[in-house]
Amino acid sequence: MSRIPIVAGNWKMYKTPSEAVDFVTSLIPELSPLDGVERVICPPFLAIPGVSAKVAGSPIQVGAQNVHWQKEGAFTSDIAPAMLKGLVEYVIVGHSEVRQYHGDTDERVNMRAKAALEAGLKPIIAVGESVDTYRAGQTETFVGAQIRACFAGIPQEAVSSIVVAYEPLWAIGTGLTPTAEEANQIIKNAIRNVLASLYGEDAAQQVRIQYGGSVKPDNMKGFMSQPDIDGALVGGASLKVNDFVTLVKLAREAKGLA
Ligand code: PEP
């Protein structure tokens with residue numbers, strides 16, 4: 001089963017709306033020829049309309065960094081799925097910074113993912129363990145449980161439009177990473193095999209699973225050469241045109257597309 005690789009840049013709380021448009025203006029000609037890989041950027045909410053208008057007609061896709069589970073209501077500061085519709089294709093849910101600073105739980109991540117799907121948006125569901133869980137050798141048990149909770153009630157037919165991002169918390173923004181083999185092992189055992197137990201082997205083989213956490217040009221090839229790693233969710237290195245373009249090039253090479 002060949003899965004289309006997907007490299008997504010999470011800009012976090014960086015770039016004003018005008019900086020974001022300037023940045024994608026430089027990115028479009030560099031990224032456009034690199035086909036065979038989905039190229040997604042996830043700007044802060046306020047920059048989304050400008051970025052979305054700028055990339056229209058190019059192969060670059062846009063994602064949001066979060067979404068609320070309600071259709072509308074008294075939820076000050078939140079953004080509903082319908083508000084993103086037509087502007088983004090993807091939405092990250094369960095990013096560790098949202099879990100850490102805004103108290104997101106697997107239950108909420110599950111509600112966000114379901115609401116996104118209902119609105120026709122594709123969720124990128126982020127999971128990953130703390131350093132204590134990693135040191136205790138409990139990563140697979142923990143991540144497997146996250147997958148079960150985050151996919152609760154998600155119907156079979158929706159599964160292939162979901163992307164999972166495995167992001168060990170201790171690797172995000174730290175320069176530390178698991179080895180590529182270790183990341184592949186966790187992705188295979190705790191994510192793909194758990195999805196197979198929930199939805200069957202065929203469905204599990206269709207789900208794209210990214211690695212995320214201090215992905216840089218010097219380690220990208222190793223991760224992308226792994227059979228169960230289908231792309232990357234990239235923070236810091238997505239904020240530099242050259243680095244992000246290099247990451248997409250390396251994904252293409254590693255997957256035999258260049
Ligand atoms: C992220 O924000 O999802 C991330 C993985 O960040 P970084 O690449 O900077 O570690």
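**Strand β2 and its partners, plus a look at Gly212**

β2 and strand β3 (residues 60-64) run parallel to each other, paired over three bridges. This is a predicted model, and β2 (residues 38-42) is a good place to start reading it: five of its five residues are buried. Further along the chain, Gly212 in strand β7 gets its own stop below.

**β2 and its two faces**
- Side chains in a regular strand alternate between the two faces of the sheet.
- In β2, one side carries Glu38, Val40 and Cys42, while Arg39 and Ile41 sit on the other, and all of these are buried.
- So both faces of β2 are covered, given that buried means under 20% relative accessible area.

**The β3 side**
- Ile41 has Val62 of β3 as its bridge partner.
- To get from β2 to β3, the chain goes through helix α2 (residues 48-55), and this β-α-β crossover is right-handed.

**The β1 side**
- Strand β1 (residues 6-10) also pairs with β2 in the parallel sense, over five bridges.
- Here the chain travels from β1 through helix α1 (residues 17-31) to β2, in a β-α-β crossover that is right-handed.
- Ala8 has Val40 of β2 as its bridge partner.

**Gly212**
- Gly212 belongs to strand β7 (residues 208-212).
- Its relative accessible area is 0%, so Gly212 counts as buried.
- Setting aside neighbours within four places in sequence, Gly212 is in contact with Tyr166, Glu167, Pro168 and Leu233.
- The C-alpha atoms of Gly212 and Val234 are separated by 5.9 Å, though the two residues are 22 residues apart along the chain.

Methods
Residues are numbered from 1 along each chain as its sequence is written. This is a predicted model: local features need pLDDT of at least 70, side-chain atom pairs count only at pLDDT 80 or more; totals for chains, interfaces and linings use all residues. Side-chain values use heavy atoms; hydrogens and water are left out. Buried means under 20% relative accessible area, exposed over 50%, partly exposed in between (1.4 Å probe, protein chains only). Helices (H or I, at least four residues) and strands (E, at least two) are DSSP runs, numbered from the N terminus. Two strands pair if DSSP finds at least two bridges between them. A crossover is right-handed if, with the strands pointing away from the viewer, the path from the first strand over the helix to the second runs clockwise. Contact means heavy atoms within 4.5 Å.
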